[in-house]
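Reader: I have a chain to look at and would like to go through its fold, its charged pairs and its nonpolar parts. Please take them in turn.

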Amino acid sequence: MSWSPKPFELAWTGVRVATLMVEAQVVITYRIMGMAGIWAVSETEKRRMVTEKAPAFLESGFAATFAMMRAQSPVDVIDAALDPLTRKTRSNRKRLAKRGFQR
């Protein structure tokens, strides 16, 4: 079975990876500013940032595995793995962005 990517397919996946990386850094920044007392975060944020990782990566791994089992293209496998991580990171970024500076 041979695979040849469609035009821009690999580039779009690269953009998705870069976007995930930037959003993750923004979430980390909000949380660090929260620990420093600069950004308003909830009392449960420290626990949340640890406990959310395992379920998100487990879901990502399952999605990639199922995509491979369906003999999808390598780009589709990567995209399947990115979906759960992107959803979690994006929701964290949006939620934390609404909090604002500590008063």
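Reader: How many helices and how many strands does the chain have?

Author: This is a predicted model. Along the sequence, the elements run in the pattern α-α-α-α. The count is therefore four helices and zero strands, where a helix is a DSSP run of at least four residues.

Reader: What is the radius of gyration of the chain, and what would a compact globule have?

Author: The C-alpha atoms fill a box of roughly 60 × 25 × 15 Å along the principal axes. For 103 residues, a compact globule would have a radius of gyration near 13 Å. The value for this chain is 17 Å.

Reader: What share of the residues is buried?

Author: The chain exposes about 7,100 Å², and carbon and sulfur atoms supply 66% of that area. Buried means under 20% relative accessible area. Of the 103 residues, the buried share is 30%.

Reader: Among contacts between residues at least 6 apart in sequence, what percentage joins residues at least 24 apart?

Author: One example of a wide sequence separation is K98 and A40, which are 58 residues apart in sequence and 9.2 Å apart in space, C-alpha to C-alpha. That pair is given by its C-alpha distance, whereas a contact needs heavy atoms within 4.5 Å. For contacts between residues at least 6 apart, the share that joins residues at least 24 apart is 74%.

Reader: Is K98 buried or exposed?

Author: K98 lies in the segment after α4. Its relative accessible area is 73%. The cut-off for exposed is over 50%, so K98 counts as exposed.

Reader: How many salt bridges are there in the whole structure?

Author: A salt bridge needs a side-chain nitrogen of Lys or Arg within 4 Å of a carboxyl oxygen of Asp or Glu. One such pair is E59 and R87, at 2.8 Å from N to O. A search of the whole structure gives a total of nine.

Reader: Which residue forms a salt bridge with R16?

Author: R16 sits in helix α1, residues 9–35, and its partner is in helix α4, residues 74–97, with the two positions 67 residues apart in sequence numbering. R16 is buried at 17% relative accessibility, while the partner is partly exposed at 33%. The closest N and O atoms are 2.6 Å apart, and the partner is D83.

Reader: Which helices are linked by the salt bridge between E59 and R87?

Author: The two side chains meet at 2.8 Å, N to O. E59 is partly exposed at 41% relative accessible area, and R87 is partly exposed at 48%. The residues are 28 apart in the chain, and the helices they link are α3 and α4.

Reader: Which residues are linked with E52 in a network of salt bridges?

Author: E52 meets K53 in a salt bridge at 3.5 Å, N to O. E52 is buried at 10% relative accessibility, whereas K53 is partly exposed at 36%. In the network, E52 is linked with R31, E45, K53 and R95.

Reader: Which residues does N92 touch, leaving out those up to four places away in sequence?

Author: N92 is in helix α4. At a relative accessible area of 3%, under the 20% cut-off, N92 is buried. Two of its contacts, R31 and E52, also belong to the salt-bridge network. The full set is V27, R31, R48 and E52.

Reader: Which element gives the most residues to the largest nonpolar core?

Author: In soluble globular proteins, nonpolar side chains tend to be buried together. Here the largest nonpolar core has five residues: A64, A67, V77, A80 and A81. The elements that give two or more residues to this core are α3 and α4. With three residues, the element that gives the most is α4.

Reader: Which residues is A67 in contact with, leaving aside neighbours within four places in sequence?

Author: A67 belongs to the largest nonpolar core, as do V77 and A80. Those two core residues are among its contacts. The full list is Q72, D76, V77 and A80.

Reader: Which residues make the nonpolar surface patch of about 450 Å²?

Author: F62, one of the patch residues, is found in helix α3. F62 is partly exposed at 45% relative accessibility, and a patch residue needs over 30%. The patch is made by L58, F62, F66 and M69.

Conventions:
Residues numbered from 1 in each chain as written. Predicted model: local features only at pLDDT ≥ 70, side-chain atom pairs only at ≥ 80, totals over all residues. Heavy atoms only, no water. Buried < 20%, exposed > 50% of the residue type's maximum accessible area, 1.4 Å probe, protein only. Patch = residues over 30% accessible without salt bridge, like charges linked within 9 Å, V, L, I, M, F, W, Y side chains within 5 Å. Areas by Shrake-Rupley, 256 points an atom, 1.4 Å probe, with all protein chains shown as cover. Core = buried A, V, L, I, M, F, W, Y, C linked by side-chain atoms within 4.5 Å. Rg over C-alpha atoms; globule rule 2.2 N^0.38 Å.
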